[in-house]
Each structure stands twice: as structure tokens, then as C-alpha cells.
Amino acid sequence: MSHASRTAPRICPLCEATCGLTLTIEGTTVTGARGDRDDIFSRGFICPKGASFGGLDADPDRLRVPLVRGEDGELREATWGEAFDRIAARIPALVEAHGPQAVGVVLGNPNVHTMAGSLYPPLLLAALRTRNVFTASTLDQMPKHVSSGLLFGDANAIPVPDLDRTDHLLLIGANPLESNGSLCTAPDFPGRLRALRRRGSTLTVIDPRRTRTARLADRHVAIRPGADALLLAAMAQVLFAEKLVDPGVLAEHLEGADELAVALADFTPDAVATACDVDAATITALARELAAAPTAAVYARIGSCTVEHGTLASWLVDVLNILTGNLDRPGGALFPLSATARTPREAAPGKGFALGRWASRVSGHPEAKGELPTAALAEEIETPGEGRIRALVVLAANPVLSAPDGDRLDAALAGHLDFMVSVDPYLNETSRHADVVLPPPPPSQSAHFDFAFNSFAVHNQVRYTRAPIPLEDGRMDESEIHARLILAVSGMHGAPPSAVDDLAIATAITKAGAPKELAGELTGRSGPERRLDLMLRLGPYGLTLEQLLAHPHGIDLGPLKPRVPEILRTRSGRIELLPAPIAADLPRLRRALGDRPAPLVLVGRRHLRSNNSWMHNVVSLSGGSNVCTLQVHPDDAARLGLVDGATVRIESAGGGIEAPAEITDTVRSGVVSLPHGWGHSRPGTRMAVAAAHPGANVNQLLDGSLLDPLSGTAVLNAIPVTVTPSP
């Protein structure tokens, strides 16, 4: 039976760019996806991931019903009732017997790409009362949260570059032509950079690889991996030494400028040049060019975060923007204001941001932003004693591949847990260990709103799309899955899922000091829609859900505007340029000036058709250049006796893996590069496409012992390795 074709708008959930899509639908099948030309933010742009929406949506390996582990140890299909009955019987009993710290929670990257993943995990954590929280942030962006918390008093106050108006953009450790941007939501990042060049602005890229982004730049500086903080510190030192510091209107909101000048005095261009492998004249020129530009912005991402000095590098990015007067001004780096943000309050001192309010049980790692290092998860499960993690709730995460030493974590999940729950559409390397797997529906059957990414958008806007396809029989909406999970672990199993949303709404109204009657005025077909309506009404623009529904392609809320001092939450009420934890960590950076660099270090890389391990099972995104190869410079290949395409052995302190060599001059000498998220070779998964091209898990080279001390972020880049031909 044929079905008439129709189209429907849908925001793409597959990366941080949040592009608008126009889906072509026949019956209940997505048969095509193109860019939505009427979308007020993306204007028709689409990347290969968005174009593959239909393939991912209809992936035959996606789980359709819950899986429950039987007495024989095998996972079998079960009803939703059976699945939640099992959870309700096990987790509350474990908490009763061993306390709330017996439960750990792991949150993965895909959570921020769904409404449910944004709305419900905080309620789950409150219900469990556990401090054993591990997320993808300590494998990626936590250094930026920590540095923002220390500078501005709010870990989520992250400025983004004003791409469309800046005269000078300096990128370090970022490759947005492949990643589409990160902590900087910008549909058509490539087009925005090309427009920047066309209007005569300058683009500088600092990266050990000649990436697609670097090839677009006016200047590419091939820094030694891991030396980002040293180079940025030297640039700041030049600004002080040459009296180029000019914070402009921010001057009255700064604290600690004189102390900062003294703290950075030793980091001269000459002092850091050898460690960075960038000559002093180039470093000095970078600083002068930044200061001389009419407007400028420094933007850094994962390459500068997942290194030994990731928090210091993230802090210095904002220090440079501040010292040149480019923080919080058009054309510089500004703080977005999303439609669901708290209404700005009058400037006043706040509670500030604290680190290390508690520590992990085994190694004593301090918490950051309420999280413990994901690299410590295995030891918290396998080490006996009071407070050992006995049950794990894993929400859209695959730490066996994404965290250091997956083999150790794999063994811990298999042999040391009493109970495990996964909310995941796939049976992957991690969820295969679960006692209960709860699969959310495909994206076409889910509504979409970007709570997190609108807070990092380069233009203020708001968009919402309802599910273009009705929920399939036998499926459960992801929001209901989360709500029922919360009820099951909190002793309220059997209560209606709406009770969770009703409580969240009542709590939010009370916290905002709004009238209780507001709850009755909210509209929406579901609890999540009612909660969205409330957040919009309480937000800075006073919008409603009905207004969003009346504008299916979005509402333009205008360009970014200055927001200092309203965003400041420090105890002083000012930007604290040299916070005590930063000052205490600077001697460690100073010692790095004398480090002898390793002959060969490893860095990761992104691919436009990939977004970590969860995108590797889509046929249209696999193969071609999206492969797991070790990129090696020709000089290093000749020295080591490596042949293009031949298998090589890569070893480090944490272990060894094998991968095909790709000899290319796009990576500088002394550096090799392997992409993240591969290693789909473990038995018991149900991801046929990924398993057919498993690749090597780069994180198996790491033992998890090396962390950025301020943020607890695993050091994933600038890892010393040896590479030899495979026997």
C-alpha cells in the first residue's frame, strides 16, 4: 500500500550545530532529509550527518523493546512493565542495604541532544542522592566549565565567539569544519568562516594538524601538542610587557590584573618557544595582532581541553579576550541569552564557584561541578569497601569505548556490579552488561528542543519541533522512560509518570517566586511540553509554547549583546582574573617549561560524518575517509620503517593497539593521530555495521591515571607513544 509523501520540520539532534531539517516522510518512514531554508538559524545548511537522518532513524539494529537479563544470564526481550518492576525491586533495596553512594550514574553525550536527556537526569540524581556521578564532560569540556566558574562564578557562563561580526578569530585546538563546532552552536560554521574571510577579517588556527579548518586560515601555527597553555600564557605576557592591555569598559569589573601580570611574568615568548615548538617572534606577533584588531575573539576546544593543563588553557583563552577588551562586546566573545535561561538579575555578588566539595572514594579525586572523573569509574566499582558502587544507571553513555582503559572498565562491569540499567537505543560495548536495557524511540518519534545548545548559540534564537511521526505501537516516549525510571528508583513505582513533571513544575514555580496559579495556565500535550512552556514564560523573553508552535522555523531573538555584570556570580561580584586554584596550578605549568618533549605523541581527530561511537552504525556515514587510521608524517614513517596502509603497533604506558598507517603531511612531524570512538570488536553487541569496521579504541592506550587536576578531565591528547611495524 502506497502512502502519500509529506514534509515536516525537525531540528537535527546529531551534533551541536542544531540545524533545521525538512524531512520527507512516507507513511511512518523518513525517506529523505534536506536543510530547512526557512530555518531562522541554519538557513538551509546541512551536513552529512543531517542528511543521514533517515538511515539512523530506521537503523534495524536499534532496540525496539526492553531487554531484561534472565536467570541463565542472557538478555531477552521483555515488556515495559517487567523492566521497571525489575528496577524497582533491585535499586531501592541496594540503597537501603548499602546507602545512596552504592549507586553510580553515568551520563553520555547524547543526553544533551534530547529533551528527555536534558530535563530528567537532575531529577534522577536528586531521587538517588548519590555523589557518584560521571559524565562525558570529564572526557571533553569540563576544563571550560571550571575556568568559567572560577572567573565568572558560574560554570555554565561560557562566552562564545561572535563569528558573524569579528575582525580577527584565533582558533586553538578546534576544527569546526569537521566538528561543526562545540560549546559554540553555529549552523554552517564553514560558511561563517568563509564569510569572515570574505569581509577581510583574519583567521588564525593553532593546531598540530593541518586540518580542513587550518587550510582555510590566514595563518596556521603547528604547535607541539599539549603546549597550548604555555603559548597562551606567553601571549598574555606580551600584552602586559608591551603595555597592550586594554580591557575597555570591563576594567571596572575586573579584580586581580596586577597580580596576573606578576604570575605570568616568567612565561615570555623566549621561555616557552622550545616547549611549544613555535618561535618567539611568531608568539609575539600573535599577541600583537590580537591586540591591534578592531575586534577579536579567541576560541579553543577539545584539543586544548583534553591535555595536562586543560583548565589553565581554557582560563587563558578568556584572559586574552579580557585583556584585549574583547570579552562581552560585539565582534568579540559574548554570553548568549537563551529563551529558557533564568531571567537576568541585577548585578550583585554571588555564591561563587567551589571545587573539591567532596572526593572520590578510592583515589580522592576532587569533584568538579558535582561530577567525579569518568576515568575513576572502574576503580570505584571494583575496589572493595564501604561506598563501593554496586549498581550503575547508564544514560546514553558508552564509557567502555569513551573512557580510558576500556578493558578494565569492561571487566568491572562484568564482574563487580550487582545491578545495572542502561537507557540506550543500542546494545553496545557498555549496555551489553546491563541487567535492564530501556530503548528510547528513534528521533522521528520524539519532539526536540535544545536546552543546552541554545546557551552556546552565536545568535539568540529559539526553535521547537514536535515529533513528525507518531510513537510506534510498543514504543515508550523517552521522557516517559526517564520519568518511570525516577519513580522506580525512588520508591514510587506505579505512580503516573506525570507526577514527576508535576513535581518539577511546582518546584520551579516556587523557586522563581511565581504564583502557583501559573501551573494551570501551562499548555502542551505532555509533561515535557508543559515544563518547556513554564521555562519560556519564566525566561528573559517571556515567550510561550504556543508562540513557538506558531513559528515552526524558529523565532529570531537578535544578536548577542553585552551581559556583564549581570552574568557574574563570584563572591566579589567581579571577574576574578587570578582565582586561587588557578594561581596554585601555575607552578605546574612553569615546570613544563623544562620538560623534555617525547619523540612521538598522539592526538585525536574528528570526522564530519562521525560523532563519537554512537554514529558508527549508520551505513551512509561509514567507509570512505571516515576510517580508523593512524596518521603519520612522512619523515616519521621513513624513520620508523612504516608503510602506508600497513598495520602498525601503537603502544603507550596504558597498553597497545593496532591500526593501519596513513602517511600524510597533514600531521606535523613528531605527532601521530588516531580518531576517537572506535573499537567495536567486543562480543555480545548488536551493531552490525560498526562491528564490520571495528577500528581500534585509542583510549585503550591510556590507564586513566593522568588527569587535569583542576577539572578531573582525562588527558586524551599529547600522549607519548611508540609506533612500530606490526609483526
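The exercises below, each with a worked solution, concern cysteines, sheets and a helix pair in a predicted model.

**Exercise 1. Cysteines**

Determine how many disulfides the structure holds, and where Cys-12 and Cys-47 stand in this respect.

Solution. Step one is the cut-off: a disulfide requires two cysteine sulfur atoms within 2.5 Å. For Cys-12, the nearest cysteine sulfur belongs to Cys-15 and is 6.1 Å away, so by the 2.5 Å criterion Cys-12 is in no disulfide. For Cys-47, the nearest cysteine sulfur is again that of Cys-15, at 5.2 Å, and Cys-47 is in no disulfide. The count for the structure is zero disulfides.

Step two is to decide whether these residues are buried or exposed. Buried means under 20% relative accessible area. Cys-12 has 7% relative accessibility and therefore counts as buried. Cys-47, with a relative accessible area of 10%, is buried.

**Exercise 2. The four-stranded sheet**

Give the strand order of the open sheet of four strands and identify its edges.

Solution. The order is β11-β10-β9-β13, and the pairing is parallel. The edge strands are β11 (219-221) and β13 (297-300); each has a single partner strand, so one side of each lacks a neighbour in the sheet. Averaged over neighbouring strands, the turn of one against the next is 15°, direction ignored. At the β13 edge, the partner is β9 (residues 168-172), joined to β13 by four bridges in the parallel sense. In this pairing, Leu-169 has Ala-297 of β13 as its bridge partner.

**Exercise 3. The three-stranded sheet**

Describe the open sheet of three strands in the same steps.

Solution. Its order is β1-β2-β3, with antiparallel pairing. β1 (5-11) and β3 (29-35) each have a single partner strand and stand at the edges, so one side of each is left open within the sheet. Here neighbouring strands are turned by 30° against each other on average, direction ignored. Strand β2 (residues 20-26) pairs with β3 over six bridges in the antiparallel sense. Thr-22 is placed opposite Arg-34 in β3.

**Exercise 4. A helix pair**

Classify the crossing of α10 and α13, and list the residues that meet.

Solution. Helix α10 (residues 228-241) and helix α13 (residues 280-292) have axes that come within 9 Å and cross at roughly 60°. Angles under 35 degrees count as roughly parallel and those from 65 to 115 as roughly perpendicular; α10 and α13 are therefore oblique to each other. The crossing of α10 past α13 is right-handed. From α10, Leu-231, Ala-234, Met-235, Val-238 and Leu-239 take part in the contact; they meet Ile-283, Thr-284, Leu-286, Ala-287, Leu-290 and Ala-291 of α13.

Conventions. Residues are numbered from 1 along each chain as its sequence is written. This is a predicted model: local features need pLDDT of at least 70, side-chain atom pairs count only at pLDDT 80 or more; totals for chains, interfaces and linings use all residues. Side-chain values use heavy atoms; hydrogens and water are left out. Buried means under 20% relative accessible area, exposed over 50%, partly exposed in between (1.4 Å probe, protein chains only). Two strands pair if DSSP finds at least two bridges between them. Helices (H or I, at least four residues) and strands (E, at least two) are DSSP runs, numbered from the N terminus. Axes are lines fitted to C-alpha atoms, for helices over the stretch in contact, and angles run from 0 to 180 degrees between N-to-C directions. Angles under 35 degrees count as roughly parallel, over 145 as roughly antiparallel, 65 to 115 as roughly perpendicular and the rest as oblique. A crossing is left-handed if the near helix is turned anticlockwise from the far one by less than a right angle, and right-handed if clockwise. Contact means heavy atoms within 4.5 Å.
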